[in-house]
Amino acid sequence: MSETAIIKGQQASPHTPLARPIDILGDRRSPASCLPVMLAQLNWTGDMEAIAECLPYFSDDISLVDVRNALVALGYRTTARRMTLEAVDDRLRPCLFALEGDGRTGVLVGRTEAGPYAYI
């Protein structure tokens, strides 16, 4: 199985339109749920409201592009690259990724002898 790594931030899971993006941050089916994890790994000190303010309002879904745009709005640079999780250089962690095929997103946090470990 091949993976797509999106560094620092395109498939989205369907969900009910949101009046407030903060509601989606806890929905593990959405790429937005990766934002608090990613920002914690980057030692960001803001709050959930600040994250929610960077996400689109009244959207039918939040995509990985929306998550990357939120990271940019919070002051982080993002770059997309296609590669397997095993090929991600340690200097690029933490990073967001989308698995090719099922579209699940996560945050690549580290590596062990068994391979990469991530929040999905």
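**Entry 1: C95**

I started at C95, which is buried, with a relative accessibility of 0%. A note to self before going on: this is a predicted model. C95 stands opposite L108 in β4. I then looked up C54 for contrast and found it partly exposed, at a relative accessible area of 21%. That puts C54 outside the buried class, because buried means under 20%. With cysteines on my mind, I asked how many disulfides the structure holds. The count came back as 0.

**Entry 2: the cores**

Next I went to the nonpolar cores. Which residues touch the most other members of the largest one? They are L35, M38, L39, L55, V67, L71 and L96, out of 17 residues in that core. I checked where the core draws its members from: α1 (34-41), α3 (64-73) and β3 (95-99) each give at least two residues. Another core lies apart from it, with 8 residues. C95 turned up again there, along with L92, F97 and L108, among others. So my opening cysteine, buried at 0%, belongs to this second core.

**Entry 3: helix α1**

I turned to α1 and listed its buried residues: C34, L35, M38 and L39. Why do these four sit on the same side of α1? Their arc around the axis is only 125°, so they share one side of the helix. I then looked for what this buried set packs against, and found α2 (48-53), α3, β3, β4 (105-112) and β5 (115-119). Just past the helix I noted N43, which follows α1 and has a positive phi, near 60°.

**Entry 4: the loop before α1**

Stepping back along the chain, I looked at two serines in the loop between β1 (3-7) and α1. S33 is placed in that loop, and S30 is found there too. Are they buried or exposed? S33 is buried at 4% relative accessibility, and S30 is buried with a relative accessible area of 1%. I was curious what their side chains meet. A polar atom of the S33 side chain lies 2.9 Å from the backbone oxygen of S30. The side chain of S30, in turn, has a polar atom 3.1 Å from the backbone nitrogen of A32.

**Entry 5: helix α3**

For α3, I wrote down L64, D66, V67, R68, A70 and L71 as buried. I was pleased to see D66 and R68 in that list beside the leucines. V67 and L71 I had already met among the best-connected members of the largest core. What caps the N-terminal end of α3? S63 does, with a side-chain oxygen 3.3 Å from the backbone nitrogen of V65. After the helix comes G75, whose phi is positive, near 100°.

**Entry 6: strands β3, β4 and β5**

I finished with the strands. β3 and β4 run antiparallel and are joined by 4 bridges. Their hairpin has 5 residues between the strands, and in it G101 takes a positive phi near 105°. How many bridges pair β4 with β5? There are 5, again in the antiparallel sense. This second pair also forms a hairpin, with 2 residues between the strands. T112 stands opposite G115 in β5, which I jotted down next to the C95 and L108 pairing from my first entry.

How values were computed. Residues are numbered from 1 along each chain as its sequence is written. This is a predicted model: local features need pLDDT of at least 70, side-chain atom pairs count only at pLDDT 80 or more; totals for chains, interfaces and linings use all residues. Side-chain values use heavy atoms; hydrogens and water are left out. A disulfide is a pair of cysteine sulfur atoms within 2.5 Å. Buried means under 20% relative accessible area, exposed over 50%, partly exposed in between (1.4 Å probe, protein chains only). A nonpolar core is a set of buried Ala, Val, Leu, Ile, Met, Phe, Trp, Tyr and Cys residues joined through side-chain atoms within 4.5 Å. The arc is that of the directions from the helix axis to the C-beta atoms. Contact means heavy atoms within 4.5 Å. Two strands pair if DSSP finds at least two bridges between them. A polar contact is a pair of N or O atoms within 3.5 Å; within protein, one must be able to donate a hydrogen and the other to accept it, and residues adjacent in sequence count only if both atoms are side-chain atoms.
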